[in-house]
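User: I am new to this structure and should like to learn how its features are read. Please begin with the packing of helices.

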2 protein chains.
Amino acid sequence: MNTTFSFTSTHTDAHSNARTGVIHTPHGDIQTPAFVPVGTQCSVKSLTPQDLMDLDTHLFFVNTYHAYLRPGIAVIRQFGGLHAFMHWDRPIITDSGGFQVFSLGRVREGKMEDGKKGKLQETALAKISEDGVEFQSHWDGSKHIFTPEKSMEYQWTLGSDIHISFDDCTPYPVTHDTARASMERTHRWEERSLKKHLELQMTNYELQKRPYQALYGSIQGSVYEDLRKESAAYISALPFDGIAIGGVAVGETKAEIVSVLDWVMPLLPEHKPRHLLGVGEFDDIFALIEHGVDTFDCVQPTRLARVGVVFTRTQNANIKNQHESDELDVMKRYSIDVTKSLYAMDDQPIDPTCHCPTCAQYSRGYLHHLFHVRELSAYRLATIHNLYFMNQLVREIREAIGEDTLHIYKKRWNLS
Amino acid sequence: MNTTFSFTSTHTDAHSNARTGVIHTPHGDIQTPAFVPVGTQCSVKSLTPQDLMDLDTHLFFVNTYHAYLRPGIAVIRQFGGLHAFMHWDRPIITDSGGFQVFSLGRVREGKMEDGKKGKLQETALAKISEDGVEFQSHWDGSKHIFTPEKSMEYQWTLGSDIHISFDDCTPYPVTHDTARASMERTHRWEERSLKKHLELQMTNYELQKRPYQALYGSIQGSVYEDLRKESAAYISALPFDGIAIGGVAVGETKAEIVSVLDWVMPLLPEHKPRHLLGVGEFDDIFALIEHGVDTFDCVQPTRLARVGVVFTRTQNANIKNQHESDELDVMKRYSIDVTKSLYAMDDQPIDPTCHCPTCAQYSRGYLHHLFHVRELSAYRLATIHNLYFMNQLVREIREAIGEDTLHIYKKRWNLS
């Protein structure tokens, strides 16, 4: 077991900025690029931590906001941290809690929790000041305050291997002036985060209590080139262990997300690992990896699984008209909705080429039935498949990068 | 793989009628006595068939009524039977469908689906005639008819290893006259079941299509000694492969169930396996096994698990007053409700002496959290524990019977 945190870049693609590497943490190595599943409430929905280990997941993402509210920091402290609480011995990454705290306090266009597009209802649950954010629990209305210092303390108690500094999550859409003010506040908050984290680290070092916990700085700046570049330079200059790109996937288009990566990625130090927060839908993966992202978390594969949408490696045979299929989004081409009645009598696995535990044993017809009658095993079996699919995809991408053949491998998927 | 069905009694206890044995089926052996988990909708709730295999479950109980409605007999036919549909290669037992069909058509005192005591609402969903039972689907109100012949055909298509003949499930409470009429109808229906089953068997034998499927006769007679004895003698005289005791656990007391076993069991042929339908709560197990029951199905262990009530092998330490605890029912002494707040910070497994996959990895505190935030993995982890507990209990009982020490083993549990 390593006692410190480091990143080794093992190979950079000859044709893009994609790179392979290894993040070394006290709880083991993370092979990158890596897809990181999200365990919102200390659990990837429908799976046990053992299921994730069986799926060869290297890194587990836990939301600090949710852990703070339930089970609560006191409970996690009693257990000595998230690793012991969840019985997960591999690396964990936690966010700052900021994203959830802000989501509650602002009107925001974009994808809502249930995946529908629309305007979130205006709420007055969060109040922002220079000190931090005061908010009401979405569970019981109780009042709480998150500051950079508190976020660091909470993450320290959670004991994750990778923390993220507390930032001001800029809403979208936003004016340039508001985005600048938000970014500047972010920079002040991140310096406070860093200071507090180093204090905790030092105290801990003296007490020799815990393995090293890393801190990533987070870049903001909305969809403005000058702000994103300024933030990238600012955060890169501070002694963070890694860099997170924040404030994306808050409602902007996929093209806008790619622009942010275009601006930011070339400015980041080569020797630090880079995490993209909340982006990693199936059709984003090649773009973000080609920009040099090392790790990325996304709820899409698990959320889709729970409504019966499961990935396939072969283009969807039910799309008869090729012309039409070109216009369909990538997701529709590479997934099936197993809840549809055409799968009721289908004795094939979800994907006949897949080697996941679900495809090895159960048919589309059985899964269709389990979803139809709302048996709980449906959600788990579909989630196992989608996570296996994502892990297998990034394994193949890592191999392709290592052989400088990512551009050829990508063509197989017929992506733009 | 055996191609026929048989039962071998391996040992009878020196101090009771408890016996060990092996039921040989084309899909493998069942070590008896065996607890049989119920997969109402072709799935033991929250588990996959693979989970059941990992738990060393020998026999899987599926409700014909539910399979008939969803996914439907046509779907199961398309898959070639339940074994292929569920990817379960071990023995399966199906019921006749009668119990569910009748439950919908009669007012009945007793335990309702949600476990509460009370009077079920009167419904007019089922009409009984000499031919069979016409009923409306509890899902969509569509009309269906179950007759002895249809029940046999459905079970044949399901392809279970053990079928149960179609009986008239006598309600409770009931007058002696009504119970006699119901029992006599049961006998006529069971003769029709047997005739149809033998026809199907013969046709199948000529076509050499499927492995042997066994048929159990079912004893009725409510809580009347003369009727139960008459029914036991009648069913025992017919060429069924095994005997089921039906019409129990429909609202009568535990003492009344024991009386039924007192009357019936001595009359049953030694060489046929005996299944007790719908009885097998934790505190019933010793009594029914001591009466010579070989297999028994019960939803209690899985249903309790899903509300957070998990079994423990040590008497509940939270019951301080021994005098009080004597009056508590056995269940409360040998289980904890992990949803209670006193377990929030408890880092012990459910049962420190248990070797199940749940106890090997997860604490009461983590389970408490998962139940509290309604994470789906909670239901699976608790169900795995309770089924492991039941299987371990019957394994130990089988060993004790083999050594004529069941009476000593039983004392450990301090049961009446």
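Analyst: Angles under 35 degrees count as roughly parallel, over 145 as roughly antiparallel, 65 to 115 as roughly perpendicular and the rest as oblique. Axes are lines fitted to C-alpha atoms, for helices over the stretch in contact, and angles run from 0 to 180 degrees between N-to-C directions. Helices (H or I, at least four residues) are DSSP runs, numbered from the N terminus. This is a predicted model, in which local features need pLDDT of at least 70 and side-chain atom pairs count only at pLDDT 80 or more, while totals for chains, interfaces and linings use all residues. Residues are numbered from 1 along each chain as written, and chains are lettered from A and ligands numbered from 1 in the order written.

User: At what angle do α7 and α8 of chain A pack?

Analyst: Helix α7 (residues 225-237) and helix α8 (residues 254-264) of chain A pack at about 45°, with axes 9 Å apart. α7(A) and α8(A) are therefore oblique to each other.

User: How is the relation between two copies of a chain read?

Analyst: Two copies are related by a rotation about an axis and a shift along it. Copies are superposed by least squares on the C-alpha atoms of residues with pLDDT of at least 70 in both. Here, a turn of 180° and a shift of 0.0 Å along the axis lay chain B on chain A with an RMSD of 0.0 Å. That is the relation of a two-fold axis. Of the residues of chain B, B:L376 comes closest to the rotation axis, at 3.6 Å (C-alpha).

User: How many residues does each chain give to the contact?

Analyst: Residues are in contact if their C-beta atoms, placed from the backbone, lie within 7 Å. Chain B gives 33 residues and chain A gives 33 residues.

Definitions and conventions. Contact = placed C-beta atoms within 7 Å. Helix = DSSP H or I, 4+ residues; strand = E, 2+ residues; numbered from the N terminus.
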